[in-house]
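Trainee: I have a structure here that I would like to walk through with you. Could we take it one question at a time?

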Amino acid sequence: MSTRVFAPSVATTMPQRRTATVTVSSINGLEPGDVIHDTLVKGFGARRQKDAVSYFLKTRINGKQRWYTIGRHGSPWTPDSARKMARQILVDPASAEKPAMEDVITFAVASEQFFASHGPKLKSRTLEEYRRLERLYLLPAFSRKPIRDISRASISSAHASWSANPRAANHALSVLSKFMTWAEDQGYLPEDSNPCRRIQRYKENKRERFLTADELARLGTALDDAAAQNLASPYALAALRLLIFTGARLNEILTLEWAHVDFERSMMFLPDSKTGKKPLSLNDAAIEVLQGIPKLAHNPYVIVGRHGAHLVNLNKPWQIVRALAELDTLRIHDLRHTFASVAIATGGSLPILGRQLGHSQPQTTQRYAHLADDPVRKLTQATGQVLALALKRKPVPRR
């Protein structure tokens, strides 16, 4: 009986040639030298050479065998786009002599690649906002335009057309700039060629609404009345109070879990805030609110919603509360501004406030610098009064 001897070092590294549908998963399984011949388009296939996979088309034209290299996988070719180009060459061989894909790839096509590769790196809310800006501003302006033809002049013109909403226009420009930098990294654009640079942003009038002492009193009464009359759930009302007492962002409070709260140290340790992991100090008022919130056995969240999840938003309860307080233009985010204004007015420093609010950049906290004028004015006023009284006193006769 004969025995077959296998030599793994040779057998397992022999290039494979097989027929299969060319997909991302089949490409990922290729070893150097391996070739896949597509089952959907005759002659189309993919081959791995060292670390790169290239798409090709092998066909006969006028009786002569021709080999076309379509391009590398991922720069910018995908199985579908390469297969489409293969079909186009079969119909019109002259199309193979047209400019390279990176010269004709449109913004619409490249932006989908951008979101496929860069999107998973973004937080879900950020990705949602990027997509919204793309849909409302970027695609209408640049959808069919080859990305190499998107010039600083065309971007400046589009930015000017968005002037009715300066803040959104600036944000759309920022997203486009990130896209262009990504396109440079992919080799679609020359390095350091981002056409968004040096386009002047609109001056934004950031709305900073701070509640006065009287308005805070009205808001407190409204919260009490809403609780007494069962106009909103206790969890929603507790969330609003926590926003007032902590200066936290809305999503930080809505997604807060009991495991993040440390009563002994009077801290909340937020694992995934807008600026990453974030410790947040709790004052006695916030701790009292937390201690009054009933826990549910099978729900890890502090602000309980439906089906074991957290509350999704506070729109309806907020509308009820602010109507009771007669503060119809007040936004939930203004509660965060109010926390900051009171903190500064009571003598807090900007760096410490920035740490509590979770600002990653000092410039963000700097917007509250003007609020420090009030305590300074009080201090200088009190000092001036003491000095004035001292000057008016009659000196003690010298002996």
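Mentor: Gladly, and keep in mind that this is a predicted model. Let's begin with a bridge between strands: glycine 45 stands opposite phenylalanine 56, which lies in S4.

Trainee: Which strand is joined to S4 by 6 bridges?

Mentor: The two strands run antiparallel. They form a hairpin with 2 residues between them, and lysine 50 in the turn has a positive phi of about 55°. The strand with the 6 bridges to S4 covers residues 44-49, and it is S3.

Trainee: And how many bridges pair S4 with S5?

Mentor: This pairing is antiparallel too, with S5 made up of residues 64-72. One of the bridges links isoleucine 61 to lysine 64 in S5. Here again 2 residues lie between the strands of a hairpin, and asparagine 62 in the turn has a positive phi of about 55°. The number of bridges between S4 and S5 is 8.

Trainee: How many of the 10 residues of S4 are buried?

Mentor: S4 spans residues 52-61. The strand is largely enclosed by the rest of the structure, because the number of its residues that are buried is 8 of the 10.

Trainee: Is serine 111 buried or exposed?

Mentor: Serine 111 sits in helix H5, residues 107-118. Leaving aside neighbours within four places in sequence, it is in contact with Glu134, Leu139 and Phe179. Buried means under 20% relative accessible area. Serine 111 has 1%, so it is buried.

Trainee: Which element gives the largest share of the largest nonpolar core?

Mentor: That core has 42 residues, and those touching the most other members are Leu219, Leu290, Ile293, Ile303, Leu314 and Leu335. Elements giving two or more residues to the core include H9, S7 and helix H12 (284-291). The largest share is 9 residues, and it comes from H10.

Trainee: How many residues are in the second, separate core?

Mentor: Before leaving the largest core, look at leucine 290: beyond its neighbours within four places in sequence, it is in contact with residues including Leu242, Trp258 and Phe263. The second core is separate, and Phe115, Phe142, Val175 and Ile199 are among its members. Its residues number 30.

Trainee: What arc do the buried residues of H9 cover around the axis?

Mentor: H9 has 16 residues and reaches 23 Å from its first C-alpha to its last, close to the 22 Å expected. Its buried residues are Glu215, Leu219, Ala222, Leu223 and Ala226. They lie on the same side of H9, because the arc they cover is only 100°.

Trainee: Which residues are exposed on the other side of H9?

Mentor: Turn the helix away from its buried residues, which include Leu219 and Leu223. Just after H9 comes asparagine 230, with a positive phi near 55°. On the other side of H9, the exposed residues are Ala213 and Ala228.

Trainee: Is arginine 198 buried or exposed?

Mentor: Arginine 198 lies in the loop between helix H8 (166-185) and helix H9 (213-228). Its phi is positive, near 70°. Most residues other than glycine have a negative phi. With a relative accessible area of 72%, arginine 198 is exposed.

Trainee: What is the relative accessibility of serine 266?

Mentor: Serine 266 is in the loop between strand S6 (261-262) and strand S7 (267-273). Its phi is positive as well, near 55°. Serine 266 counts as partly exposed, because its relative accessibility is 22%.

Methods:
Residues numbered from 1 in each chain as written. Predicted model: local features only at pLDDT ≥ 70, side-chain atom pairs only at ≥ 80, totals over all residues. Heavy atoms only, no water. Helix = DSSP H or I, 4+ residues; strand = E, 2+ residues; numbered from the N terminus. Buried < 20%, exposed > 50% of the residue type's maximum accessible area, 1.4 Å probe, protein only. Core = buried A, V, L, I, M, F, W, Y, C linked by side-chain atoms within 4.5 Å. Contact = heavy atoms within 4.5 Å. Expected span 1.5 Å × (residues − 1). Arc of directions from axis to C-beta. Pairing = 2+ DSSP bridges.
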